[in-house]
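Student: Please take me through the reasoning behind several labels attached to this structure.

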Amino acid sequence: MKSSDYKEIFLTEAREYLANLNNSLVVLEKDPGHGESINEIFRAAHTIKGMSATMGYEPMAQLTHQMETVLEPIRSGVKPLTPQLVDALFICLDQLEKWVNILSSNDSLEEDDLKATLTSLQEASEALRGAASPVEPVVEVVQEVALPFTDEERDVISQARMNGFSVFKIMVELERDCAFKEVRSFMILKAINELGEIVKSHPAPQEIEKGHFERGFFLVVVTDSPEEKIKKTLTGISEVEKVQIDSFSPDEDHEAVFKKKESETPKSNPFKVLPERSPGRRESDFGKTETDAESEEPTDSKGSTQVSRTTGSDERTFILPTVRVHTSKLDKLMALVQELVISKIRFEQVVHQKELKELLDPLFQLHHITDELQDEIMKVRLMPVKQIFDRFPRMVRDLAKSLHKQVDLEMDGAEVELDRTVIEEMSEPLVHLLRNAIDHGIEIPEEREKEGKDPAGTIRLQAKRERHFVILSVIDNGRGVDPELVRKKAVMKGLITREEAIRLTDEEAVRLIALPGFSTIDNATEVSGRGVGVDVAKTKVEALGGTFRIQSRKGLGTTFILRFPLTLAIIKGLLVKCNEEVFVIPVVNIIETVDIHTDEKRIIQQQETFILRDEVIPLYHLQELLEMAIPPGPALETGLETVLVAEVGESRVGILVDEVIGQQEIAIKSLDRLLKGIRGFSGATILGSGKIALILDVNSLIEDLKERRFQEEHQGIIPLGTHEGL
Amino acid sequence: MSVSTAEIFNSQAKDKAEIQLVVFTLSGCELALEIQEVREIIRVSEITLMPKAPKYLEGIINLRGRIFPVLDLKKRFEMPLVERTPETRILVVETKDQMLGLLVDKVVEVLRVSPTAIEKATQPVLNITLDFVKGLLTVRDRLIILFNMEKTFNLEGLRVVVDSEAAIPK
């Protein structure tokens, strides 16, 4: 491993610990007596201290050390937690986060920022001075561990001995301050696997690899290497404090008994197996674990993508059951599967065209295999939404505080899994919606009390699966949206006319808040209210092929409902023709296709429209949306034109296309970066013919057209103005 | 990222190495890219129209799963247009994370030259503005323009839209 690899691990882990710290602090602020959270914070700070010291990030180590010092009296219950201290801890956290971010691009830290942060911490802890020293914990020492063998393991051992291999019991102990247990243990296991085979270990190999042990672990190894060589190899690994190798005696037939030879009694038992944080995962059936003063946090590798690894031919060979895979490799795999799906579709087309009956059977099989492969890879790419949810408690807390509001954030369904891409993309819209809820939704406590509500508002963030969709909701019990106010604002801002405003139902009026440039709060605040939040969220959701809904009752609160397809990689698309070019519109966006007669078109306020079941629907030519020339002359002889009725946000629009070719499963390929800037296309796909077809993002195409029309209308005025100026 | 001509002079002159140039034509005018800038040269298959793009963006192509734009520089530099012939090629160039095809009338040859033979341009050559010209090379009676490929990743129409995209999140 290179030092940059260590840094990578350091950063990943540090971020995890910081997220934990953040969440625990938020809990602690609400419930200062929450012992679990204090311990959590203490442990996280301690671990970060150790890690950063090893990496040579001195300021981080110093700061976390100070945090520990300040927290100690609180942990031992000598002093209560003050709000001032919580704030100071938040400041420390922010500083740590800042450093972690700096480290991701730099290799070292400046100490400048340390002083200011330390001062605030120092001030906060002034009041806590004179705390009693922590209680000495009881230390119990285990010097003997017995590992019972299974029948199979016994077989392996006797087989190996018969074939002239040696069997060793190895105890490895890491240095007390070893900050990279995960790395060291990995290196140790790897080294041993090169020299021989691990038959048995305590704790289990995967636990060792994750660093879930106090300071040491036990291994039973079958090898043809001499004891000396093993010892030399292992002691050569840094941060390994002690290696004890004993040969295995035949009478240890049923279990391996490890005895510590040293005379001095260790202060703490290095071979303690640490409890796993997530409950119910591991039950240790041996190893008498006991309490210890220096309870080290287990390094937990959650959050990293893990894939099961297929074991080799010899199942007795110890192989780690998981591997870390870089996400770029997953993306590559996904891309390859997409290529496979495309090839399969082409293949199918040829077979059907040429009526190659004998190929139908193998083709059917191929179809199933690709389907399954696609499913599996999709699953590998899933991540729990917890990944983004974790950031929110802190954000909500800070925001509510700065606006002098009280907000409880409730989160449901953090375990729901979503495609990695969707998760990444969804983070920002959710931030906008939460901000919106805190800023515009939740009232200040006095106002809430007047309304007979709990002074603290509640925001619920929910994730749930519904067949092939995931639904995210942001629900607040704040003041809700006043449809009357919205109508007035929209007219004032020129977004709709007075007549339109009157015609709108309350429900429709509420939806107006998602229009670009809309904000009901008169003074745009720093937080939101620039009219971008809801609009941005809606645009993003729709660009991802999802739908966005708003429900609100005045005085009762507002709910935003975001619904997405589980995967973004392969979707159903409608193929349409426009000036002989083929384009794809995602089927989720389309409600129906209808043929209309040319005379059915009406022009209302310079906008072509038609009426579908009493609803006036604006019509757009696809050519117009794509800035292509509209072919002159009448449409078809029949006078019929094809209209796709699409759902754009909360309203419906009609899109005139030359021809609908049909519906097809399509694999979405992203466009290269230079093309991403051209608005209106969410990607492209390769058709059965091998041609590229662009996937249209109807929503932004229509927005763009409206903007162009607006500019055209005003362009006539601007040059005149400049002329007058001359 | 970009290696300036001066740097080429320095590094190459030291070990007296030659540089290799891929020479191509646009409306009869000869231009060249350094060989390491050209990822590959492909024949023109079907180019798909990209709506809403600047005029000089000829369209998009799919090369082994990557979809990227092809530019017709003749349109950009307002050079006389030439019909596509069997000799028309696409030079695929690549920077860190972007790929681009350049539509050229013909790939003439790969030329080995000494870096010292490259002169600095002082004024626009034909319609090609100075910032696109890395240097000039005279080989007998031929004038070859050493083209600044990096610039094509930053052309007006494309650059502007990329910027506006970045501005959306606000």
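Tutor: The following exchange sets computed values against their definitions. This is a predicted model, in which local features need pLDDT of at least 70, side-chain atom pairs count only at pLDDT 80 or more, and totals for chains, interfaces and linings use all residues. Residues are numbered from 1 along each chain as its sequence is written, while chains are lettered from A and ligands numbered from 1 in the order in which they are written.

Student: Why is Asn579(A) called partly exposed?

Tutor: A residue is buried if 20 or more other C-beta atoms lie within 10 Å of its own, exposed if 12 or fewer, and partly exposed in between, with C-beta atoms placed from the backbone. Asn579(A) has 15 other C-beta atoms within 10 Å and is therefore partly exposed. Asn579(A) belongs to the loop between strand 16 (570–578) and strand 17 (581–586) of chain A; helices (H or I, at least four residues) and strands (E, at least two) are DSSP runs, numbered from the N terminus.

Student: What makes Arg140(B) count as exposed?

Tutor: Arg140(B) has 4 C-beta neighbours inside 10 Å, so it counts as exposed. Its place is the loop between strand 10 (133–139) and strand 11 (142–147) of chain B.

Student: What is noted about phi in Arg140(B) and in Asn579(A)?

Tutor: Most residues other than glycine have a negative phi. Arg140(B), not a glycine, has a positive phi of about 50°, and Asn579(A), also a residue other than glycine, has a positive phi near 45°.

Student: How do you know that the span of helix 11 of chain A agrees with expectation?

Tutor: The expected span is 1.5 Å times one less than the number of residues. Helix 11 (residues 360–380) of chain A has 21 residues and should therefore span 30 Å, and its end C-alpha atoms are 30 Å apart, which agrees. The number of buried residues among these 21 is 0, so helix 11 of chain A lies largely in the open.

Student: Why is strand 25 of chain A described as largely enclosed by the rest of the structure?

Tutor: Because 6 of the 6 residues of strand 25 of chain A are buried, this description applies.

Student: What makes strand 25 and strand 26 of chain A a pair?

Tutor: Two strands pair if DSSP finds at least two bridges between them. Strand 25 of chain A is joined by 5 bridges to strand 26 (residues 692–696) of chain A, and they run antiparallel; one of the bridge partners is Leu696(A), opposite Phe681(A).
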